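Me: I would like a close look at a single part of this protein, namely its sheet. Please describe how the strands are arranged and what lies around them.

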Amino acid sequence: CCRILQGSIEAVLQAAASAEWRDHVEIQRIQIHAAPILERSPFTSTSPRTMWDAQFSVPFACAMALLRIPPGPEWFTGKWYEDPAVLGLLQKVTVAPLQPGTADTSTHASICARATILLRDNRSWAAAVGIPRGEASNPMTKEALDEKFLRLAEYRLTPEEAGSLLSRLHSLQRVASVKSLVGTIGPAYQS
């Protein structure tokens, strides 16, 4: 999905981690406060039909994250655009601009976010993310990067090939030519 959505995704997951509910159907509303650009199309789409629609949709990204569907190419297969659980959550997400002084808007206004999850019984949970994971000032750990690489590589490589490639990437400074790395990915990427 689009990098500018990362703060919203992390905020909704942090709010959900403290929430006490058994099923997403108990959610009445999910309010996202983020950069003003996110309250305009295409970021507000609640009915994605294509990968382009889905990758820029705050409601779609938050719904997929709340349903614990691991991010990756799988998010953009057509089955999720028709899934009843996803569709139900899409309609519950609203996006509004983040007010100055909330989270870390002074230097990271385009990426910070606040999420509030309101349940049908009026209980609510909120969380704010000033700098999402993966930003230069909040880098992912080596372990998190390795896990992400291996999870995403499984769409193209066997677990053994992915592990071998990851080992070689860890010693990239000793690789004479990246052609050998590209060859690991497969013949379709060789010239």
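Reply: The following account begins with the sheet and then turns to the parts around it and beyond it. The model is a predicted one, and every statement below refers to that prediction.

The protein contains 9 helices and 4 strands. Along the sequence these elements follow the pattern α-β-α-α-α-α-β-α-β-β-α-α-α. Of its 191 residues, 41% count as buried. Among contacts between residues at least 6 apart in sequence, 63% join residues at least 24 apart.

The 4 strands make up an open sheet, ordered β2-β1-β3-β4, with mixed pairing. Its edges are formed by β2 (93-97) and β4 (124-129), each of which pairs on one side only. On average, neighbouring strands of this sheet are turned by 15° against each other, direction ignored. In general terms, strands of a sheet pair through backbone hydrogen bonds, in either a parallel or an antiparallel sense.

The parallel sense is found where β1 (residues 27-34) meets β2, the two being joined by 5 bridges. Within this pairing, His33 has Ala96 of β2 as its bridge partner. Helix α3 (residues 58-66) packs on the sheet, where it touches β1, β2 and β3. The direction of α3 makes about 125° with that of β1.

The antiparallel sense is found between β3 and β4, which pair over 6 bridges. Here Arg114 has Ala128 of β4 as its bridge partner. These two strands form a hairpin with 4 residues between them. In the turn, Asn122 has a positive phi of about 75°.

The edge strand β4 also shows an alternation of its side chains. Trp125, Ala127 and Val129 point to one face and are buried, whereas Ser124, Ala126 and Ala128 point to the other face and are not buried. Ala128, the bridge partner of Arg114, thus belongs to the set that is not buried. Helix α1 (residues 6-18) lies across β1, β3 (113-119) and β4, and runs at about 140° to β4.

One loop that follows from the sheet deserves a note. Ser45 is located in the loop between β1 and α2 (51-55). Its side chain reaches the backbone nitrogen of Ser47 at 3.4 Å. Apart from neighbours within four places in sequence, Ser45 is in contact with Ser57, Pro59 and Leu90. Pro59 falls in the residue range of α3 (58-66), the helix that packs on the sheet.

Two helices later in the sequence complete the description. Helix α7 (residues 142-153) has 12 residues and reaches 16 Å from its first C-alpha to its last, close to the 16 Å expected at 1.5 Å a residue. Its buried residues are Ala144, Asp146, Arg151 and Ala153. What covers these buried residues includes α8.

Helix α8 (residues 159-170) likewise has 12 residues, which should span 16 Å at 1.5 Å a residue; its end C-alpha atoms are 16 Å apart, in agreement with that expectation. Within α8, Ala162, Leu165 and Leu166 are buried. Seen down the helix axis, the buried residues of α8 fall within an arc of 105°, so they line one face of the helix. This accords with a general property: an α-helix has 3.6 residues a turn, so residues three or four places apart point the same way.

Terms used: Residues are numbered from 1 along each chain as its sequence is written. This is a predicted model: local features need pLDDT of at least 70, side-chain atom pairs count only at pLDDT 80 or more; totals for chains, interfaces and linings use all residues. Side-chain values use heavy atoms; hydrogens and water are left out. The expected span of a helix is 1.5 Å times one less than its number of residues. Buried means under 20% relative accessible area, exposed over 50%, partly exposed in between (1.4 Å probe, protein chains only). The arc is that of the directions from the helix axis to the C-beta atoms. Two strands pair if DSSP finds at least two bridges between them. Axes are lines fitted to C-alpha atoms, for helices over the stretch in contact, and angles run from 0 to 180 degrees between N-to-C directions. Contact means heavy atoms within 4.5 Å. A polar contact is a pair of N or O atoms within 3.5 Å; within protein, one must be able to donate a hydrogen and the other to accept it, and residues adjacent in sequence count only if both atoms are side-chain atoms.
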